[in-house]
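Colleague: Please take a close look at one hairpin and its central strand. Then carry on to the other enclosed parts, the ring pairs and the internal voids.

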Amino acid sequence: MDTNNLQFKTNYAVCSKIEPFYKGGKVQVSTDEKYIFCTCGTRVNILEIATGKVIQSIEQDDQEDITSFALSPDDEVLVTASRALLLKQWEWREGSCSRTWRAIHNSPVASMTFDPTSTLLATGGCDGTIKLWDVLKQYCTHNLKGSSGVVHLVQFHPDISLLQLFSSSMDSGIRVWDLRSSQCVCVLTSHYSAVTSLAFTPDGSTLISSGRDKICTVWDLKTKTATRTVPVFEAVEAVVLLPQTGDFSKLGVQSKGLHFITAGSKGVLRVWEASSARCVFTQTLPVHSPMASQEGADGDEHSLTYCLPLPSSARITTVTAEHNFLIYDLPYLTLQQQFVGYNDEVLDVKFLGPTDSHIVVATNSPQLKVFELASSSCQILYGHTDTILSLDVFRKGSMFASCAKDNSIRLWRMNTKTAEVCCVAQGFGHANAVGTICCSRLKESFVATGSQDCTIKVWDLPVSLRTKEGPKVEDLTARVTEKGHDKDVNSVAISPNDKLLASGSQDRTAKLWTTSDLALRGVFRGHRRGVWCVQFSPMDQVLATSSADGSVRLWGLHDFSCLKTFEGHDASVLKIIFVSRGTQLLTSGSDGLLKLWTIKTNECMKTLDAHQDKVWGLHANRKDDQLVTGSADSCIVLWKDVTEAELAEEQAKQEDQILKQQELSNLLHEKKYLKALGLAISLGQPHTVLRVIKEIRGGEEGPAELQKTILKLRQDQKEAVLSYCSMWNTNARNCQEAQAVIQVLLTHESPEQLVQYKGARGALEGLIPYTERHFQRIGRLLQASMFVDYMWQNMRLTGKPRHGEIQDEEMDTSSLSQLLPLFTIDKQPSHSPGKTGAEEEEEEEEEEEIPEVSGAEDDEGAFDSDDDVCAVRKVTALRENAAQAAEEDDEDEEDEEEEAETGEREEEEAAVAVGEAEEREEGEKENVKPSSLSEGITEREEEAEEEKREAEEEQEQMQRMQTRARKCQKSESDSRPTPPCTRAARLRR
């Protein structure tokens, strides 16, 4: 394989996300009909209808779920209520909270609404009370009591002059409240179940109510009586009045009477005539929709929960129980837009279309969802009757296959012109859920499936199906079936030449088959747990497998041996694909991570983290520059290959750095220090900034130029320099520059200005301890220099007379004249005529004691400057040479004393030896025979004494040799000056 021009991928970046934005709760459309407001846990998401994107998300600070919200009719104020019993007023366009106050309710708020003037807000609580708030003056105006149970519906009368509020609670009655007297005027009783919605006519004289008791009631508000009860034969969740103007003949409207639309448990919209209480129009569902086959049955999963009018644009919006938003036009009730609010757990996802412009998603439901990537608009496909588990797309991208828990498989085709998708074939034959499916690679000729019944099937596609377009669905028949594994078959894959088929199972093995007759070619053994995915390499004869043991293995197809093993995931590896022409692998796991591997080096190039749960779906487009992943966290993420972009960015950054470095050198050469310092700070290089400051301080007017330059910097540049100073101050070599900059800032900046600097507190805390340490070091150095100066002024060196005469000599300082020009030599004679011998002895004692003190000082003081240390060491060496003569005289005296002591010890040992000989002779004369025990003790004692004597003799001999060697050295070094009179000499005299 030619890999010379192949560039490995190094990174992917998130391009876009399809996230859940609605999980149930209240939905409201803005008055300008541009936005849909809906709740999602702790957030209120604002969906733009034109693009299908969430443009703003209002989230509670206390992380409490939002129970209700209300948008004012002027679209300016948004108020939310949470389980924390707090009401928050938001400027929703900016996403900021302008006011928070307690709801006063004893339990969470269940319903909210604004009056037509956007000044009064009504809240209905679970405690059975209703409270009204003046939003402008910010106080509670009414507290209405009398409702039983949760007040789940509150609505103002459209005529604000009446000051009436309508509410409904668990007692199924509709209460009318007079806000002037804060009393309940009447209770409208007609329903026997919860009232779900209220719709007023424009003049406010008629009210239509709907309930879950499968009836709608028309009320005359003037007489407060029910004029008509309309049985709708379904639990109604919402009722919407048709406009009085407009041609709605397509909806069966023949007269100008009152007509209304109901949305309920059957999942269809129906138009009713109020005067005759009959249904004049029923919406037609797609052919394969499950609701189309349910006659009169209530389908809770597909029921409609909201129906909201958009009168300005002549549209209507419905919300399903599956959290899907469907927008219809009113004249014909045809579907215009569809958005998916919640995808549930995403089980598989694939690119779709000749240009990969769509993605098809299998969620934890029987419906397939086809998303258009450009607009996020969704098309829902009905056909399966149970959860869809797996998908695969043919090579051309316009046809794909699906399998589900209903033991069936289905083939779907996309119309390349209209992007509409329809089912063209279906197949039944498995005895259990079909968990995996794979399409042929060369042509649209067959599909292979694996099931939980442990079998593998190959299905041939009829030739007519490849060009078929129409509503008729053909049946597929399995060409060959084989029991392939002992447990569930988790994955099947077809080779690029359509001749081989691989399968992976929960029995921890993968197997290789021929596609023609499903003959077994070999078994791949080695995984410690079940195999989740198998995949053929597009270039080499290699099979990749991923397992629940957290590893990925590459197998050779010739000998079925394991070639490589990749380990890095902490949990099961669920999906695996080849990228970069088979040279790299992408894996997804139960830990929510994606990993990019290079096969040649077994190296994990990158770990991508964008999901919070198992990543079940992973697919790459044909150009190999995009990825799509689907996870159990309901998120679908689109990734883009950014390898080339990052490489180009890095090259551009390096070029920019080189140009700036050259420009910086030019500025320093031209002595344009201000621009040079600003450029160095912009580069973010503290060492370069330090070099610029050293250049400034090295000039003729260094301090003045530094002060002038620092003060001209911007505040952000001063902040950066201050942070750099705390870094430089840690090193003694750079502390002077740091202290110089700090001096300028502290001198010309007030404390109030310094406190406002970003990171000033941390920088000052880092400066203080090292500054104290520098001052301590300078103090020690100053003390040491003063002490050396004092020692040098008082030091007198004398030499020993050559011919027995005592004479003063001057020390030769020719070699030190260049090293220590600051020190002077005391040339006074050693013997002053006015001093006595005792005074001279005291001075000599002081001279002998001073070097010891100075040496201790040198050991204790830690000099940081190398030049200071060298100077002190040279002076100390001179003092040691001057005192060495005195030490040698002392050593002569000690040698004489040691010789005397040695002679005395020899005499004592001779006397002891004579005494022992006499005692032995007396014992022999007396013929006394000692016992064996005493003889042994005596012999051991004699041996010990003899060894002791030999050791002492050897030690004495070594001391004599050392003494002679020292005397020889002394005679050879007679040219060295010695003091004429020392304490040892006087003592000998």
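**A buried strand and its surroundings**

Modeller: β49 and β50 form a hairpin with five residues between them. F560 sits in the turn and has a positive phi of about 60°. Strands here are DSSP runs of E with at least two residues; helices are runs of H or I with at least four, and both are numbered from the N terminus. The model is predicted, with residues numbered from 1 along each chain as its sequence is written; local features need pLDDT of at least 70, and side-chain atom pairs count only at pLDDT 80 or more. Totals for chains, interfaces and linings use all residues, while side-chain values use heavy atoms and leave out hydrogens and water.

β49 covers residues 551-556 and β50 covers 562-567. The two run antiparallel and are joined by five bridges. Pairing requires at least two DSSP bridges. L554 of β49 stands opposite K564 in β50.

On the other partner, L554 faces A544. That partner is β48, residues 542-547, which pairs with β49 in the antiparallel sense over five bridges. β48 and β49 also make a hairpin, with three residues between the strands. There G550 takes a positive phi near 85°.

Now burial. Six of the six residues of β49 are buried, so the strand is largely enclosed by the rest of the structure. Buried means under 20% relative accessible area with a 1.4 Å probe and protein chains only; exposed is over 50%, and partly exposed lies in between. S551, R553 and W555 point one way from β49. V552, L554 and G556 point the other way.

Helix α3, residues 673-683, is a second enclosed element. Eight of its eleven residues are buried, so α3 is largely enclosed by the rest of the structure. Among them are Y673, A676, L677 and G678. L679, A680, I681 and L683 are buried too. The cover includes α2 (643-669), α4 (686-697), α5 (702-711) and α6 (715-728), where contact means heavy atoms within 4.5 Å. Just after α3, G684 takes a positive phi of about 70°.

Next, the rings. The whole structure holds twelve aromatic pairs. Rings of Phe, Tyr and Trp (its six-membered ring) pair if their centres lie within 6.5 Å; planes under 30 degrees apart are stacked, over 60 edge-to-face, and the rest tilted. Y35 and W92 pair edge-to-face, at 5.7 Å centre to centre and 70° between the planes. Y35 lies in β3 (residues 35-40) and W92 in the loop between β8 (86-91) and β9 (96-102), 57 residues apart. Y35 counts as buried at 17% relative accessibility. W92 counts as buried at 3%. F37 and W92 also pair edge-to-face, at 5.1 Å and 80°. F37 lies in β3, so this pair ties together parts that are 55 residues apart in sequence. F37 is buried, with a relative accessible area of 0%. Elsewhere, F21, Y22 and F325 form one aromatic cluster.

Last, the voids. A cavity is a set of points on a 1 Å grid where a 1.4 Å probe fits but cannot get out; lining residues have an atom within 4 Å of a point. Volume is the space filled by probe spheres set on the points. Two cavities reach 30 Å³ or more. The largest has a volume of about 40 Å³. L722, I742, L745, L746, L754 and L764 line the largest cavity. Helix α7 (residues 735-748) gives the most to that lining, with three residues. The lining is six nonpolar, no polar and no charged. Nonpolar covers Ala, Val, Leu, Ile, Met, Phe, Trp, Tyr, Cys and Pro; Asp, Glu, Lys and Arg are charged; the others, Gly among them, are polar.

Key: On a 1 Å grid over the protein atoms alone, a cavity is a set of points where a 1.4 Å probe fits but cannot get out, and a pocket is an open set with protein on both sides within 12 Å along at least five of seven lines; lining residues have an atom within 4 Å of a point.
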